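I opened the notebook to record what I looked up in this structure. The entries follow in the order I made them.

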Amino acid sequence: MNTAQIPVAMEADVVVIGAGPGGFAAALRAAREGASVVVIEKYDMPGGVHTSGLQGAANKGVGGIHSELMERFDREGAIYTVTEKELPGWAGNPLSHYEWYLPPGSPFRRSSFNPDAAGNIMSRMLEEAGVRTCYGADFVDVTLDGRGAERSIREAIVETASGRQAIRGRIFIDGSGTSEVVARAGAPFVRGGGRQPETVRQDGCSRPIPGGLLWIMSGIDFARTWSYQERENDATLAKLIGRARADAAIPDDLYRPRLECDGVYGRQYIGHPTVDMSPIQGPGTFILWQNVPYEWNLHMDDDGEHASRAMREMRRLIDAEAKFLVRYVPGFEEAFITHVGRYTGVRDGRHPIGEYVFSIDDAREERRFSDAVTNPMTKTFFWDAYRKYSFEVPYRCFLPKTIDNLLLTGASLSFTFETIFMVMRNFPWCTQTGEIAGFAAAESIRQGIPPKDYRWSAPMF
Ligand SMILES: Cc1cc2nc3c(=O)[nH]c(=O)nc-3n(C[C@H](O)[C@H](O)[C@H](O)COP(=O)(O)OP(=O)(O)OC[C@H]3O[C@@H](n4cnc5c(N)ncnc54)[C@H](O)[C@@H]3O)c2cc1C
């Protein structure tokens, strides 16, 4: 790309590309530490998958900006909590994404945040911290300084309503969720879409991790649905699906077989329909999932034709599913689509090769690092039969090879794909990684060094 003619629209100490949980927290923390910060975001609010993508699962605060977010969402009335009292029949129900494995009737508590309300709050938080935000800005490239093994990014090139512009920075943070900056800067990465390892039962559950598009239906009378499931002994709606198929009322590829193993997408992910979580914006409103079928194996992050196909096909499947639910499923007669996520999220995008690549062996062997960014975390990796591991992540996972002024966050961190579930990509952790990257960026600016020379010395969380 000839960049000589591209006007420089802004300059900042820290330029963050993508304002998902990682980029958002990075921008906020860097600004609060005194750096001047610009954020580039292609949609109209921060939050990424969790706002634009409608994935509004509200977790217990894990400290720092994540806790602040949860408290603020709650204070401003953006969190909706539901228990077995409001939603009897939800625990143990195969239509539930999260509670279906609980014994039927058991207590549960599920909180969700309203994605648009949450995005508004996050947007305000960035403004309050003095972060300059460029919404509707597509990051497309970088300009580089230097030659040889280590280079530096000089500018992020974006396309906005004003045309092509350059945003100049001293330090850049990749918050794109798919390592866009790494790829454009020519830093090394492994392509996403790897198959998950076989489960401990070795029963062939290995699958590539699909992307997903979330959508919302309102006007659902779930008590009627549950009563139908009980009365007709049809928990998975298999009878209704069978009837619809006999009527040729649904496309064959909508209902994919359930995976009944202990691996990723086994016990946790079920087929369609999956009426997810709690009602997200009040009674009768539910999130639904549309996962890209495994067999399509689309790489939406690096193949334009794949991305286009995913958009086209996801809309087709959502349309077909909504029609099926309204026509065949008791409780959905008055239901209607109120929202479709702004994009089909990529769960397993590029994996940058950092100065350290966190692997499943680091978790298995519970390795400790002198540059650990947090105290040991104890979590499960779903593919490994829900066993808990205590592990640490080193600061070097935030540093891509070959570029000395770029920091990684969120789903763009340097880790192998086997570690994605559930640890290396969930909302709380991605927010923490953002805060860590934002802090490291501001400290590096203060010390006048690139983030690669910054010595991380004590866990932040
Ligand atoms: C369908 C789906 C369901 C999920 N479900 C859960 C769940 O239940 N619980 C959980 O904890 N996690 C879940 N995740 C994982 C989690 O959402 C992600 O790992 C997390 O959001 C990653 O955070 P991030 O900040 O790295 O990236 P993202 O949230 O992906 O945000 C990236 C941001 O960068 C912007 N961006 C990307 N490219 C550009 C560009 N070229 N120019 C400008 N802006 C750009 C995007 O618009 C977006 O706002 C799910 C993910 C998907 C895809």
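I count two residues as in contact when heavy atoms lie within 4.5 Å. This is a predicted model, and I read it as such.

**Entry 1: the chain overall**

I began with the protein chain as a whole. I found nine helices and 17 strands in it. The protein chain has 461 residues, and buried ones make up 59% of them. Its accessible surface comes to about 17800 Å². Carbon and sulfur atoms hold 48% of that surface. I then looked at contacts between residues at least 6 apart in sequence. Of these, 71% join residues at least 24 apart.

**Entry 2: the cores**

Which residues touch the most other members of the largest nonpolar core? I found Val-37 and Leu-407, in a core of 77 residues. Helix 9 gives the most to this core, with nine residues. Apart from this core lies another one, of 39 residues. Its members include Phe-108, Leu-213, Phe-286 and Ala-310. I noted the general background too: in soluble globular proteins, nonpolar side chains tend to be buried together.

I went back to Val-37 and listed its contacts, leaving aside neighbours within four places in sequence. Val-37 touches Ala-12, Val-14 and Val-16. It also touches Ala-27, Ala-30 and Ala-31. Val-131 and Arg-132 complete the list for Val-37.

**Entry 3: the ligand site**

How many residues surround the ligand? I get 33, and the closest are Glu-41, His-50, Gln-55, Tyr-98 and Arg-425. By class, the shell has 15 nonpolar, 13 polar and five charged residues.

Next I checked the polar atoms around the ligand's oxygens. A polar backbone atom of Pro-21 is 3.2 Å from an oxygen atom of the ligand. For Gly-22, a polar backbone atom is 2.9 Å from a ligand oxygen. Gln-55 uses its side chain: a polar atom there lies 2.7 Å from an oxygen atom of the ligand. On its own the ligand has 990 Å² of accessible area, and the protein covers 95% of that. I also asked which elements give two or more residues to the shell. They are helix 1 (21-32), strand 6 (138-145), strand 10 (212-218) and helix 9 (427-447).

**Entry 4: positive phi**

I looked for unusual backbone angles. Most residues other than glycine have a negative phi. Leu-237 is not a glycine, yet its phi is positive, about 65 degrees. I found Leu-237 in the loop between helix 5 (222-231) and helix 6 (238-246). Its relative accessible area is 0%, so Leu-237 counts as buried.

Glu-366 also has a positive phi, of about 50 degrees, and is not a glycine. It sits in the loop between helix 8 and strand 15 (377-380). Is Glu-366 buried or partly exposed? Its relative accessible area is 33%, so Glu-366 is partly exposed; the range for that class runs from 20% to 50%.

**Entry 5: Asp-371**

I stayed in the loop between helix 8 and strand 15, where Asp-371 is found. Asp-371 counts as buried because its relative accessibility is 8%, and the cut-off is under 20%.

What does Asp-371 touch, not counting residues up to four places away in sequence? I listed Val-393, Pro-394, Tyr-395, Arg-396 and Trp-456. Tyr-395 is 24 residues from Asp-371 along the chain, and their C-alpha atoms are separated by 5.5 Å. With Arg-396, Asp-371 makes a polar contact of 2.8 Å, side chain to side chain.

**Entry 6: His-351 and Ser-359**

I turned to His-351, which is found in strand 14. At 5% relative accessibility, His-351 counts as buried. Its side chain joins that of Asp-348 in a polar contact of 2.5 Å. A polar atom of the His-351 side chain also lies 3.5 Å from the backbone oxygen of Phe-415.

Last, I checked Ser-359, in the loop between strand 14 (351-352) and helix 8 (360-364). Its relative accessible area is 18%, so Ser-359 is buried. Leaving aside neighbours within four places in sequence, I found Ser-359 in contact with Thr-416 and Thr-419.

Notes:
Residues are numbered from 1 along each chain as its sequence is written. This is a predicted model: local features need pLDDT of at least 70, side-chain atom pairs count only at pLDDT 80 or more; totals for chains, interfaces and linings use all residues. Side-chain values use heavy atoms; hydrogens and water are left out. A residue is near a molecule or strand if one of its heavy atoms lies within 4 Å of it. A polar contact is a pair of N or O atoms within 3.5 Å; within protein, one must be able to donate a hydrogen and the other to accept it, and residues adjacent in sequence count only if both atoms are side-chain atoms. Accessible areas come from the Shrake-Rupley method with a 1.4 Å probe; for residues, only the protein chains shown count as cover. Helices (H or I, at least four residues) and strands (E, at least two) are DSSP runs, numbered from the N terminus. Ala, Val, Leu, Ile, Met, Phe, Trp, Tyr, Cys and Pro count as nonpolar, Asp, Glu, Lys and Arg as charged, and the others, Gly among them, as polar. A nonpolar core is a set of buried Ala, Val, Leu, Ile, Met, Phe, Trp, Tyr and Cys residues joined through side-chain atoms within 4.5 Å. Buried means under 20% relative accessible area, exposed over 50%, partly exposed in between (1.4 Å probe, protein chains only).
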